[in-house]
Amino acid sequence: DAIVEVPADRLEWESHGDDGSEPWREAIRYGGFLADVDKFDSGFFDIAPREANLMDPQQRILLELSWEALENAGIDPISLAGSDAGVFAGVFTHDYEYLQLISGPESVSDMYFATGTNSSVAAGRIAYVFGLHGPAIAVNTACSSSLVAVHMACQSIRNRECSLAMASGVNVLLAPQLSETFAKANMLAPDGRCKTFDAAANGYVRSEGAAVVVLKSLSRARADGDRILAVIRGSAINQDGASNGLTAPSGYAQQDVIERALRDAQLDPQDVSYVEAHGTGTSLGDPVEVSAIDAVYGGVRAADHPLVLGSLKTNVGHMESTAGIGGLLKLALSLQHQQIPPHLHFEQANPHLDLDRIPAMVPVDGQPWQADEHGRRIGAVSSFGFSGTNAHVIVEQAPPDERVEAGDARPRHLLTLSARDGHALMDQARRFADFIEQAPEDID
């Protein structure tokens with residue numbers, strides 16, 4: 001459970017927290033918060049301090065994580081300069097822009113304010129810094145932004161617009177005004193917890209988060225000798241259209257987007273054994289989502305092999321534009337470890353859910369992820385925006401690495417270190433030394 005009370009360094013919240021005068025104030029006392037969002041090594045990216053100061057922290061974080069994601073993938077970021085690599089970034093909040101606007105005219109008259117707070121630049125700046133010539137698109141469909149970005153990245157690769165893509169999401173909460181609005185609309189839980197699928201579900205809690213994934217076609221990843229973490233089998237997006245309200249979920253649209261994703265993946269509903277739900281933990285949203293899941297995934301499995309349902313929001317809250325890609329990361333990790341982690345804050349099922357009908361279960365204690373009769377593990381993740389845009393992505397465990405032979409362990413390992421300058425190199429060496437000292441004997 002990563003939810004905490006608002007940190008003391010978020011000064012804007014001081015006058016907006018719970019003072020006992022109005023019930024909604026209790027709900028904005030909590031959230032999931034990143035540390036050091038004001039820190040940025042501008043020199044690393046050759047950005048002048050004056051420009052960096054006017055950059056939304058969301059742009060800074062995406063730059064840092066894009067570099068780290070490529071490093072994690074074994075790709076030298078500098079080597080991508082001039083390539084057709086694409087960038088698809090989910091961005092939603094404008095808190096930093098708002099804070100600068102209310103601080104006075106000095107900042108907003110600077111050209112760097114225009115580029116530093118424009119969401120389109122969140123994607124464009126990554127392409128500029130890395131020298132990329134593929135699509136660079138910022139996506140804002142509210143809560144589904146990052147999973148829509150993943151879908152668009154996959155489509156762009158399939159259409160040969162780019163051979164590699166970085167899909168991402170970022171969400172930083174710097175001002176309390178939007179939280180106030182949501183709290184007054186009874187959208188936020190007074191205890192600051194997403195109690196997804198539970199009878200006590202009474203809203204969600206807002207959170208910060210960011211993530212970047214590197215995508216290639218499976219054939220290219222194999223040819224390049226890449227370490228493959230998971231395989232996206234299929235994806236789909238759609239829109240609620242005219243529903244019960246602009247921000248109200250549409251069960252029909254949710255059912256439709258799941259069916260579209262299954263067709264794209266060329267899979268049957270019974271092939272999917274786990275669904276990472278959107279699962280905000282609202283009295284309206286949960287029953288609508290479970291009903292849509294039942295309409296597609298229900299009625300095709302035995303009672304002793306129920307569909308497993310979970311939601312990352314019970315752990316980290318609702319990261320809004322990062323929520324979908326956060327669920328994707330949880331799904332990929334679950335496939336890698338062949339383990340479905342515990343779903344928190346679930347004691348008694350919402351009476352409006354019929355889990356037995358599907359049949360489905362919520363893994364309160366976590367459980368091993370059993371392969372199907374074909375030796376496969378396949379899961380799905382949903383993300384629905386209050387704008388009405390929905391996304392569903394189906395993911396399969398990575399294929400076995402044919403290059404790795406059983407028992408082919410190396411007696412020695414060569415650890416190479418690199419950095420931009422001598423001070424950074426020493427910091428890197430100290431971090432590795434600390435890690436090795438604290439790591440178990442087998443650190444492969």
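## Ground rules

Buried means under 20% relative accessible area, exposed means over 50%, and partly exposed is in between, with a 1.4 Å probe and protein chains only. By that yardstick His345 is partly exposed, at a relative accessible area of 26%.

This is a predicted model, so local features need pLDDT of at least 70 and side-chain atom pairs count only at pLDDT 80 or more, while totals for chains, interfaces and linings use all residues. Residues are numbered from 1 along each chain as its sequence is written, and side-chain values use heavy atoms, with hydrogens and water left out.

## Odd backbone spots

His345 sits in the loop between strand 10 (339–340) and strand 11; helices (H or I, at least four residues) and strands (E, at least two) are DSSP runs, numbered from the N terminus. Its phi is near 60 degrees, a positive value in a residue other than glycine. Pro359 is found in the loop between strand 10 and strand 11 too, and the peptide bond from Ile358 to Pro359 is cis, with omega near -15 degrees.

Gln338, in the loop between helix 13 and strand 10, also has a positive phi, near 55 degrees. Gln338 counts as partly exposed at 36% relative accessibility. For context, most residues other than glycine have a negative phi, and most peptide bonds are trans.

## The four-strand sheet

Here 4 strands form an open sheet with mixed pairing, in the order 4-3-5-6; two strands pair if DSSP finds at least two bridges between them. At the edges are strand 4 and strand 6 (209–215), each pairing on one side only. Strand 3 and strand 4 run parallel over 4 bridges, and Gly90 has Val139 in strand 4 as its bridge partner.

Helix 7 lies across strand 3, strand 4, strand 5 and strand 6, at about 165 degrees to strand 3. Axes are lines fitted to C-alpha atoms, for helices over the stretch in contact, and angles run from 0 to 180 degrees between N-to-C directions. Helix 13 (residues 323–337) packs on this sheet as well, touching strand 5 and strand 6 at about 60 degrees to strand 6; contact means heavy atoms within 4.5 Å.

## The six-strand sheet

The other sheet to look at has 6 strands in the order 7-14-13-8-9-11, open and mixed. Strand 7 (230–239) and strand 11 (360–361) stand at the edges with a single partner strand each, so one side of each has no neighbour in the sheet. Strand 8 (residues 274–276) pairs with strand 13 (residues 378–384) in the parallel sense over 3 bridges, and Glu276 is bridged to Val381 in strand 13. Helix 7 (residues 145–158) packs on this sheet, touching strand 7, strand 13 and strand 14 (389–397), with its direction about 110 degrees from that of strand 7.

## Buried spots

Helix 6 (residues 119–130) has buried residues that include Val121, Arg125, Ile126 and Phe130. Among the elements covering them are helix 2 (57–72), strand 3 (86–91) and strand 5 (165–171). Right after helix 6 comes Gly131, with a positive phi near 70 degrees.

Arg10, in the loop between strand 1 (4–5) and strand 2 (30–31), is buried, with a relative accessible area of 9%. Not counting residues up to four places away in sequence, Arg10 touches Phe33, Leu34, Val37, Leu173, Leu174 and Glu208. Arg10 and Phe33 are 23 residues apart in sequence and 9.8 Å apart in space, C-alpha to C-alpha.
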